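Open the model in your viewer and keep the sequence panel visible. The stops below say what to select and what is there.

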Amino acid sequence: MWVLEFADEQAALVLYEAGAPTPEGALALAARGGLDEFVDVMIAKGANANRPDDWGYSALHLAAKYGHVNTVRKLLAAKASPNARMSNDGFTPLHVAVQEREEEVISVLLAAHANIEAKDEHGRTPLHWGPFAYTSQPKHIYRQMGEPHDTVFTDPGPAKGMKLLLDAGAKID
């Protein structure tokens, strides 16, 4: 269902309800775009909230990466694992949220008992990724999914995500 690539929720809903075939990664695509109504419909019809897409991302990884807090909450309520690991690097949704400086998502994942000491394939915890996340980095600004993006360099501000992890008991070493 190509309309999911463009985050066109209403078109996706119309096609889905009409019986259009959906790719196995449709839930992940919907989560990436923060398409909460489509996520609700797919979950209600039995979509597996923990199934990774072809690149190893679960729907929760993608919602966390793009800061879709409501989508994160919906997926967690549908039994998505806050400790799911990406098949290609071992990142959990918490690793991804820290890397993207999504503080509200970090808080939601911590409340859902995400493992703050989970290690990726290189032995790094989410806290280890914090210093990289809180340096000035390019940020791609999408006005709308599927359209060209602008790149700006952002001041990440205070390292709130790192503080959230430390307050939750993350080990510094």
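Two helices count as roughly antiparallel when the angle between their axes is over 145 degrees. Keep that cut-off for a later stop; the model on screen is a predicted one.

**Whole chain**

Start with the protein chain in cartoon view. Its secondary structure consists of nine helices and two strands. Read from the N terminus, the order of elements is α-α-α-α-α-α-α-α-β-β-α. Of the 173 residues in the chain, 43% are buried. Take the contacts between residues at least 6 apart in sequence: 64% of them join residues at least 24 apart.

**Helix α3 and what follows**

Select residues 36-44, which form helix α3. Show side chains for D36, F38, V39, V41 and M42, the buried residues of this helix. Now add residues 9-17, 26-32 and 69-77: these are α1, α2 and α5, and they are among the elements covering the buried residues of α3.

Step just past the end of α3 to G46, where phi is positive, about 100°. Continue to N48, in the loop between α3 and α4. N48 has a relative accessible area of 47% and is therefore partly exposed. Draw a distance from the C-alpha atom of N48 to that of A80; the separation is 8.2 Å, although the two residues are 32 apart along the chain.

Next select A77, which belongs to helix α5. Is A77 buried or exposed? Its relative accessible area is 62%, so A77 is exposed. A second C-alpha distance can be drawn here, from A77 to A49: 9.6 Å, with their positions 28 residues apart along the chain.

**Helix α7**

Move to residues 103-111, helix α7. The buried residues here are V105, I106, V108, L109 and L110. Their cover includes α4, α5, α6 and α9. Just beyond α7 is H113, with a positive phi of about 70°.

**H95 in helix α6**

Select residues 93-99 for helix α6 and pick out H95 within them. Its relative accessible area is 0%, so H95 is buried. Which residues does H95 touch, leaving out those up to four places away in sequence? They are G90, A118, K119, D120, R124, T125, P126 and W129. Keep P126 displayed, since it is also part of the α8 contact with α9 shown next.

**The pair α8 and α9**

Select residues 126-133 for α8 and 160-167 for α9. Their axes come within 9 Å and cross at roughly 160°. That angle lies in the range given at the start, so α8 and α9 are roughly antiparallel to each other. The crossing is left-handed. On the α8 side, the contact is made by P126, L127, G130 and P131; on the α9 side, by M162, L165 and L166. By class, six of the contact residues are nonpolar, one is polar and none is charged.

**L165 and the core**

Finish on L165. Beyond its neighbours within four places in sequence, L165 is in contact with L94, V98, I106, L110, I116, P126, L127 and A170. L165 also belongs to the largest nonpolar core, which has 40 residues. Which members of this core touch the most other members? Select L4, F38, V72, L75, L94, L109 and L165 together to see them. Two of these have appeared at earlier stops as buried residues: F38 in α3 and L109 in α7.

Key. Residues numbered from 1 in each chain as written. Predicted model: local features only at pLDDT ≥ 70, side-chain atom pairs only at ≥ 80, totals over all residues. Heavy atoms only, no water. Axes fitted to C-alpha atoms, helices over the stretch in contact; angles between N-to-C directions. Helix = DSSP H or I, 4+ residues; strand = E, 2+ residues; numbered from the N terminus. Parallel < 35°, antiparallel > 145°, perpendicular 65-115°, else oblique. Left-handed = near helix turned anticlockwise from the far one by under 90°. Contact = heavy atoms within 4.5 Å. Nonpolar A, V, L, I, M, F, W, Y, C, P; charged D, E, K, R; others polar. Core = buried A, V, L, I, M, F, W, Y, C linked by side-chain atoms within 4.5 Å. Buried < 20%, exposed > 50% of the residue type's maximum accessible area, 1.4 Å probe, protein only.
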